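User: I am new to this structure and would like to go through its charged side chains and one loop residue. Please keep the answers short.

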Amino acid sequence: MPFLDDIGPGDERRSPSLATFATVADQVERMVMTNLAWAAVLAPGVVALAFTGLPGWLRVALGLVSATALPPATAVVYGVAASACRGQHVDLGLAAELLRELWLPALRTLAPLYGTFGVLVWAAWAASAAGLTPLVTVLTLAVLVWSVCGTYWGPLFAADPGLPPVRLAAESVRLVWQAPERALVTWLLVGLCVLVGVVTIAGVALIVPVLVAVAQTHRLRDLHSVVSTPPAR
């Protein structure tokens, strides 16, 4: 099939950015359904934030439900993205299989990495509220660096769910150091997608997270790191 030619050997003739939109367009309905399932995980947390009149214990419980379910849901998104980038058709059966396989590794690996990012963002906000300008500068830089390195967390996890979080983070840093310009291009593309999603609101629920996962996966494939230099355990 022409699509398989584009996603397989044809990747060498197509930039990761163009390959991203081609991959999503080829299975747009399935990608939207995957994204809607991911967004549903956020619903309890959004309710907890939006409805301040709810009892405190209920808001905490709703927040914990979303926080606990988000890493496995994100892992499924990256697993689906990896399959789609290989030219495979994705469906509910694949998503269910990925959830069974990845929910525990996601809690062990992805949760600490994304959790650290969340802590850095919160610390920068708290420092800003306290008027600690030098600390805000340092924390903002840390957030930016951590987010650039985060370009490869999901795709590396999908390629090897057994990779410990420290090793995964180290491999991400190595990839950024190896080709910083490529990481920055993908980081900017991701930032643009997130910005559009935030402005339109519906974009986050419909397609943005899946689009981000596919873009990051194609970037990793572009570097051939999983095949040529697999991360050490």
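**Salt bridges and a loop residue**

User: How buried or exposed is glutamate 171, as relative accessible area?
Analyst: This is a predicted model, in which local features need pLDDT of at least 70, side-chain atom pairs count only at pLDDT 80 or more, and totals for chains, interfaces and linings use all residues. Residues are numbered from 1 along each chain as its sequence is written, and side-chain values use heavy atoms, with hydrogens and water left out. Buried means under 20% relative accessible area, exposed over 50%, and partly exposed in between (1.4 Å probe, protein chains only). Glutamate 171 is buried, and its relative accessible area is 6%.

User: Which side chain meets glutamate 171 in a salt bridge?
Analyst: A salt bridge is a side-chain nitrogen of Lys or Arg within 4 Å of a carboxyl oxygen of Asp or Glu. Here the N to O distance is 2.7 Å. The two residues are 3 residues apart in helix H8 (residues 165–178), so about one helical turn separates them; helices (H or I, at least four residues) and strands (E, at least two) are DSSP runs, numbered from the N terminus. The partner of glutamate 171 is arginine 174.

User: How many salt bridges does a search of the whole structure find?
Analyst: One of them joins arginine 174 and glutamate 171. Aspartate 222 takes part in a salt bridge with arginine 182 and in another with arginine 219. The search of the whole structure gives 3.

User: How many residues apart in sequence are the parts that aspartate 222 and arginine 182 tie together?
Analyst: The closest N and O atoms of this salt bridge are 3.1 Å apart. Aspartate 222 lies in helix H11 (residues 208–223), whereas arginine 182 lies in helix H9 (residues 180–200). The pair therefore ties together parts whose separation in sequence is 40 residues.

User: Which residues are linked in a network of salt bridges?
Analyst: Arginine 219 and aspartate 222 have their closest N and O atoms 2.9 Å apart, and they sit 3 residues apart in helix H11. Arginine 219 is buried at 6% relative accessibility, while aspartate 222 is partly exposed at 24%. Arginine 182 is partly exposed, at 34%. The network consists of Arg182, Arg219 and Asp222.

User: Which residues does glutamine 88 touch, not counting residues up to four places away in sequence?
Analyst: Glutamine 88 is in the loop between helix H4 (56–85) and helix H5 (92–129), and is partly exposed at 38% relative accessible area. Contact means heavy atoms within 4.5 Å. With that cut-off, glutamine 88 touches Gln27 and Ser83.
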